[in-house]
Amino acid sequence: MKTKSIQLFNRLYSLLIGLLGFGIMGCESSTVAEYGTPTADFKFSGKITDAATGESVSGIKVSTNNGYVYVENEDNGDYVMNYRDLPATAVLLRFEEFNPKQTGQYQKLDTLISLTDEEFKNGDGNWYLGKIEKEINIPLKKKEEAAE
């Protein structure tokens, strides 16, 4: 009886060692596994003006295509938008009055900004693609100009 118990123990022990040995060998890799989500920093800036007169326009909300990131431009028409997101080959920026019910003078404008990998600077070559900066000046048309 004692011999059978020792044989059973030896078989189980051999099986366990075999499985662990196989598992350890399977963990060897020449590449480093990385976890996370790739990101990039975006900076869009510029001036918003009246398309007909060239004068600065204030009270304009600049937002991204998902609508989660937005800024209101300054009294002199300038805006600066900084945010971090997934790398993209294009970003849709929307320019619209912050409170259209109050003034309602200007048309909403969607502008598609194309981006290339070469424009992203100082990335780490792994999960951080880098930073991209673009200046985009926007002339907005008044609503009555659209009817003409």
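Is Lys-47 buried, exposed or partly exposed? In this predicted model, Lys-47 has a relative accessible area of 28% and is therefore partly exposed, since that value falls between the limits of under 20% for buried and over 50% for exposed. The surroundings of this residue offer a convenient point of entry to the structure.

The side chain of Lys-47 meets that of Asp-78 in a salt bridge, with a separation of 3.3 Å from N to O. Because Lys-47 belongs to strand 1 and Asp-78 to strand 4, this pair ties together parts of the chain that are 31 residues apart in sequence. Asp-78 is likewise assigned to the partly exposed class, at 29% relative accessibility.

A salt bridge also joins Asp-41 to Arg-84, and here the closest N and O atoms are 2.8 Å apart. Asp-41 lies in strand 1, which covers residues 39–50, and Arg-84 lies in strand 4, which covers residues 78–85, so the contact connects parts separated by 43 residues in sequence. The two partners are placed in opposite classes of accessibility. Asp-41, at 17% relative accessibility, counts as buried, whereas Arg-84, at 52%, counts as exposed.

The search of the whole structure finds seven salt bridges, among them the contact between the side chains of Glu-96 and Lys-61, at 4.0 Å from N to O. This pair links distant parts of the chain, with Glu-96 in strand 5 (residues 90–97) and Lys-61 in strand 2 (residues 60–64), 35 residues apart. Lys-61 is partly exposed, its relative accessible area being 22%.

Strands 2 and 5 lead from the side chains to the sheet. How many bridges join strand 2 to strand 5? There are five, and the two strands run antiparallel. One residue pairing can be located by name: Thr-64 has Leu-93, in strand 5, as its bridge partner.

The wider arrangement is an open sheet of four strands, which follow the order 3-2-5-6 with antiparallel pairing. Why is one side of strand 3 and of strand 6 left without a neighbour in the sheet? Strand 3 (70–72) and strand 6 (109–114) stand at the edges, and each has a single partner strand, so one side of each remains without a neighbour. From one strand to the next, the twist of this sheet averages 20°.

Taken together, these features can be followed from strand to strand. Strands 1 and 4 are tied by the salt bridge of Lys-47 with Asp-78, while Glu-96 and Lys-61 link strand 5 with strand 2.

Technical notes
Residues numbered from 1 in each chain as written. Predicted model: local features only at pLDDT ≥ 70, side-chain atom pairs only at ≥ 80, totals over all residues. Heavy atoms only, no water. Buried < 20%, exposed > 50% of the residue type's maximum accessible area, 1.4 Å probe, protein only. Pairing = 2+ DSSP bridges. Axes fitted to C-alpha atoms, helices over the stretch in contact; angles between N-to-C directions.
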